[in-house]
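Work through the following exercises with the sequence and the model side by side. Each task is followed by a solution that proceeds step by step.

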Amino acid sequence: MSGQSAAKLRKQSGVPPPTERILSWGRYPKIAHQRVHKPAWNDQVPEIFNAAAPGALLPYGLGRSYGDSCLNAGRELIDCRRLNRILDFDASTGMIRCESGVSLSDIIDVFLPKGWFLPVTPGTRFVTVGGAIANDVHGKNHHCAGTFGAHVRQIGLHRSNDGLVICSSRENPDMLGATIGGLGLTGVIAWADIQLKRVSGPWIDAESIPFQSLSAFLDLSRESNDRFEYTVAWLDCFAGKNPRGIFFRGNHSPSHGAEFHPKRGPKLPFALPAWMLNRYSVKAFNTVYYKIHAASKGVAVVPYDSFFYPLDSIRQWNLLYGRQGFLQYQCVIPDTNLGAFEELLDRIARSGMGSFLGVLKQFGSAPAAGMLSFPRPGLTIALDFAMRGERTLKLLQSLDEIVQQSGGALYPAKDARMSPALFEASFPHWRSFVPYIDPKMSSSFWRRVTGAQ
Ligand SMILES: Cc1cc2nc3c(=O)[nH]c(=O)nc-3n(C[C@H](O)[C@H](O)[C@H](O)COP(=O)(O)OP(=O)(O)OC[C@H]3O[C@@H](n4cnc5c(N)ncnc54)[C@H](O)[C@@H]3O)c2cc1C
């Protein structure tokens with residue numbers, strides 16, 4: 001029986017869709033199976049709403065969130081990946097209208113050859129437009145471009161009670177602000193209008209500069225903000241309060257032609273055994289990485305994909321952390337509290353549990369595009385921790401204390417375990433978001449941090 005006729009039969013007989021084991025990118029938590037709806041057309045979404053119980057549903061994109069914000073344990077997901085059509089494009093302004101399951105990768109493939117690029121991109125191109133809006137993702141240009149949501153001009157939002165609601169700065173602006181960074185809880189985004197950005201081609205004038213302390217990082221960051229569109233640093237988290245790292249900065253390069261053929265990288269075939277990743281192997285990797293980049297410091301013209309998406313070159317790299325999966329910890333700490341940031345780094349270094357991917361960035365002061373947007377002025381760090389049970393959870397709880405006391409926040413897109421108290425401290429206005437939640441929507445994350453049913 002073909003997939004299509006099975007789906008048709010199911011619809012005729014009222015049988016719910018099958019359950020599937022869907023994990024987020026961190027492969028933790030290993031939650032129960034979820035029923036997965038897979039609409040191919042936007043006009044199928046209202047039928048899914050009609051048949052669902054209150055709080056039953058959550059949209060799902062490419063599952064690149066690390067924790068449980070894209071999961072709905074024991075309930076239902078609406079997999080939006082087949083809603084993947086580009087509906088309109090104005091070549092004179094760069095405004096694109098696309099369905100929410102279109103990936104950022106698709107947009108780059110179609111529009112970069114025409115001289116248009118994403119206004120903001122996270123560190124992977126394999127996220128959907130719906131996911132990028134619902135987490136209001138940020139990129140290396142936060143200091144000058146804000147978040148993805150700041151470039152969304154209009155959306156069509158499926159709501160269970162109101163049908164398709166158009167949201168823009170003129171029509172239903174509050175619902176737009178709630179949906180940007182709204183964790184998929186305000187409804188299913190059907191389509192979005194996004195303002196792309198004109199670029200000269202697929203190359204980046206990039207520079208890498210080694211640094212050996214947090215204050216050196218901050219000097220580089222301040223000095224670069226006016227001259228470079230993109231800034232970010234890699235940090236050796238074994239180095240403690242005075243971390244060493246590599247500062248990367250870049251601009252779109254005007255000097256190269258448009259000819260460019262991206263390479264496909266290798267794929268990790270299965271989860272590696274946990275023993276392969278230990279403090280010695282990771283420390284050795286960090287040292288080698290630092291030495292290689294410190295030796296090749298300087299200016300180079302590099303392809304955009306190696307600059308923006310180095311991790312995408314190894315497909316399924318998340319299997320590197322073994323069968324138990326991993327947690328990513330991303331927090332922001334106000335610039336005014338550098339002592340707290342140093343303390344955080346010190347605790348991570350002393351634990352010996354951090355891993356190679358320490359990413360450091362100074363957020364700019366752009367106003368938040370969404371009610372629950374994560375970025376705010378301060379220093380943000382994102383670090384992976386292999387899941388080693390209680391030991392890992394205890395360390396992360398001790399980092400939470402620092403974040404909370406310093407007036408910082410944790411990023412829901414990366415989280416699988418923050419306490420309700422830390423969520424409250426990170427998003428003190430979350431209660432004013434509640435009236436915008438669609439009554440048919442819920443998520444594992446939301447129930448965990450707010451106690452909602
Ligand atoms: C290697 C890597 C690097 C990353 N780098 C960054 C970074 O630099 N900056 C950053 O901000 N994030 C980063 N992320 C996180 C990632 O960008 C976000 O988690 C993003 O939201 C994932 O999109 P997705 O399509 O996979 O959505 P999912 O993870 O499937 O879902 C994310 C949220 O979007 C909602 N959603 C999905 N589709 C819709 C829809 N159609 N309508 C309404 N809601 C919807 C879901 O309900 C969920 O709440 C990174 C992730 C990885 C794996």
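**Overall architecture**

Of the 453 residues in the chain, 58% are buried, and the reader should keep in mind that this is a predicted model.

**Exercise 1.** Describe the secondary structure of the chain, and state what share of its contacts between residues at least 6 apart in sequence join residues at least 24 apart.

*Solution.* Begin with the secondary structure, which comes to 13 helices and 19 strands. Then turn to the contacts between residues at least 6 apart in sequence, of which 73% join residues at least 24 apart.

**Exercise 2.** Determine how helix 10 and helix 11 are oriented relative to each other, and which residues form the contact.

*Solution.* As a starting point, two packed helices are described by the angle between their axes and the distance between the axes. Here helix 10 spans residues 338-351 and helix 11 spans residues 390-405, and the two pack at an angle of about 170° with their axes 9 Å apart. Because angles over 145 degrees count as roughly antiparallel, helix 10 is roughly antiparallel to helix 11. On the side of helix 10 the contact is made by Ala340, Glu343, Leu344, Arg347, Ile348 and Ser351, while helix 11 contributes Leu395, Ser398, Leu399, Glu401, Ile402 and Val403. Sorted by class, this contact has seven nonpolar, two polar and three charged residues.

As a further step, consider Asp346, which is also placed in helix 10. Its relative accessibility is 17%, so Asp346 counts as buried. Asp346 and Asn242 are 104 residues apart in sequence, yet their C-alpha atoms are 8.5 Å apart in space.

**Exercise 3.** Is Glu99 buried or exposed, and what does its side chain make a polar contact with?

*Solution.* First locate the residue: Glu99 is found in strand 6, which covers residues 95-99. Its relative accessibility is 6%, and because buried means under 20%, Glu99 counts as buried. Next examine the side chain of Glu99, which makes a polar contact with the side chain of Arg85 at 2.8 Å. Finally, list the surroundings: leaving aside neighbours within four places in sequence, Glu99 is in contact with residues including Asn42, Arg82, Asn84, Arg85, Val129 and Trp191.

**Exercise 4.** Establish how many disulfides the model contains, and classify Cys70 and Cys331 by burial.

*Solution.* Recall that a disulfide is a covalent bond between the sulfur atoms of two cysteines. With a cut-off of 2.5 Å between cysteine sulfur atoms, the count comes to zero disulfides. As for burial, Cys70 has a relative accessibility of 9% and therefore counts as buried, and Cys331, at 0%, counts as buried too.

**Exercise 5.** Inspect the backbone at Pro29, Asp136 and Asn172, and give the loop in which each is placed.

*Solution.* The background to this exercise is that most residues other than glycine have a negative phi, and most peptide bonds are trans. The peptide bond from Tyr28 to Pro29, however, is cis, with omega near 5°, and Pro29 is placed in the loop between strand 1 (19-20) and strand 2 (34-37). Proceed to Asp136, whose phi is near 40°, a positive value in a residue other than glycine. Asp136 belongs to the loop between helix 4 (129-134) and helix 5 (142-145), and with a relative accessible area of 0% it is buried. Asn172, likewise not a glycine, has a positive phi of about 45°. Its place is in the loop between strand 9 (163-168) and helix 6 (173-179), and at 38% relative accessibility Asn172 counts as partly exposed.

Terms used:
Residues numbered from 1 in each chain as written. Predicted model: local features only at pLDDT ≥ 70, side-chain atom pairs only at ≥ 80, totals over all residues. Heavy atoms only, no water. Buried < 20%, exposed > 50% of the residue type's maximum accessible area, 1.4 Å probe, protein only. Axes fitted to C-alpha atoms, helices over the stretch in contact; angles between N-to-C directions. Helix = DSSP H or I, 4+ residues; strand = E, 2+ residues; numbered from the N terminus. Parallel < 35°, antiparallel > 145°, perpendicular 65-115°, else oblique. Contact = heavy atoms within 4.5 Å. Nonpolar A, V, L, I, M, F, W, Y, C, P; charged D, E, K, R; others polar. Polar contact = N/O pair within 3.5 Å; in protein donor to acceptor, adjacent residues only side chain to side chain.
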